[in-house]
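Hi,

Here is the structure I promised to pass on. Have a look at it first, and my notes on the charged side chains come underneath.

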Amino acid sequence: MYICKMHTQPSYTIIDATKKVEHYCAYQERCHKEVVQKLKEMGMIPDARDIIIAHLIKENYLNEERFTQSFVRGKFNIKKWGKNRIISELKLRNISKYNIATALKEIDEDVYIKTLDVLAKKRLEAIKETNIQKRKKKLADYLLYRGWESHLVYEKVSALIK
């Protein structure tokens with residue numbers, strides 16, 4: 001005999017769901033897509049989601065521009081991602097081109113180039129490969145994966161490995 005248990009999730013009123021999602025947004029910056037996903041997971045119907053999203057925007061819990069700026073600063077300063085990776089991750093979150101462009105302007109170009117230099121030198125020390133071509137490829141692949149623009153990567157690789 002098989003016993004089937006239905007997975008029941010708690011049901012939320014709009015007020016309960018709003019409070020829960022306010023905390024979710026207050027804990028860290030969120031984009032609209034993340035909040036909608038959270039509300040779907042909570043079992044909220046589309047009309048309720050719309051009401052809650054409107055409330056979050058009105059009360060400034062949800063601000064796509066602020067999210068984008070925070071995301072760009074964090075991924076660049078902490079994870080050392082290049083602009084290509086940052087842009088593609090933001091596009092996955094349905095962030096507007098305008099917000100992406102505005103947030104990327106906050107990255108100082110000199111700091112950007114210095115960060116690439118430090119990252120490349122640090123990675124190069126870790127590469128044990130002795131074949132020059134393979135060393136170049138490993139360094140380039142690493143930097144490209146991190147989202148650095150190809151022309152900057154190839155210039156840097158050529159400058160560091162001769």
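What follows is a short tour of some salt bridges and of one charged residue without any.

Before you start, keep in mind that this is a predicted model. Going through the charged side chains, the salt bridges come to nine in total. I'll only walk you through a few of them.

A simple one to begin with is the pair lysine 58 and glutamate 59, whose side chains meet in a salt bridge with N and O 3.3 Å apart. How accessible are the two partners, lysine 58 and glutamate 59? Lysine 58 counts as exposed, at 69% relative accessibility. Glutamate 59 is partly exposed, with a relative accessible area of 39%.

Next, go to helix α5, which covers residues 83-92. Both arginine 85 and glutamate 89 lie in this helix, and they are four residues apart, about one turn of it. These two form a salt bridge, with 3.8 Å between the closest N and O atoms. Here both partners are buried: glutamate 89 has a relative accessible area of 17%, and arginine 85 has one of 18%. Buried here means under 20% relative accessible area, so glutamate 89 at 17% and arginine 85 at 18% both fall in that class.

Glutamate 89 has another partner too: its side chain also meets that of arginine 93 in a salt bridge, at 3.2 Å from N to O. Arginine 93 is partly exposed, at 22% relative accessibility. Through these shared partners, Arg85, Glu89 and Arg93 are joined into one network of salt bridges.

Now for the residue I'd most like you to look at, glutamate 64, which is found in helix α4 (residues 64-77). Which side chain of opposite charge is nearest to glutamate 64, and how far away is it? It is arginine 93, at 9.1 Å, and glutamate 64 has no salt bridge although it is buried.

So what does glutamate 64 reach instead? Its side chain comes to 3.1 Å from the backbone nitrogen of histidine 32. Setting aside neighbours within four places in sequence, glutamate 64 is in contact with Cys31, His32, Asn94, Ile95 and Asn99.

If you open the model, Glu89 with its two arginines, Arg85 and Arg93, and then glutamate 64 in helix α4 would be good places to begin.

Cheers

Conventions: Residues numbered from 1 in each chain as written. Predicted model: local features only at pLDDT ≥ 70, side-chain atom pairs only at ≥ 80, totals over all residues. Heavy atoms only, no water. Salt bridge = Lys/Arg side-chain N within 4 Å of Asp/Glu carboxyl O. Buried < 20%, exposed > 50% of the residue type's maximum accessible area, 1.4 Å probe, protein only. Helix = DSSP H or I, 4+ residues; strand = E, 2+ residues; numbered from the N terminus. Lys, Arg positive; Asp, Glu negative; His and termini not counted. Polar contact = N/O pair within 3.5 Å; in protein donor to acceptor, adjacent residues only side chain to side chain. Contact = heavy atoms within 4.5 Å.
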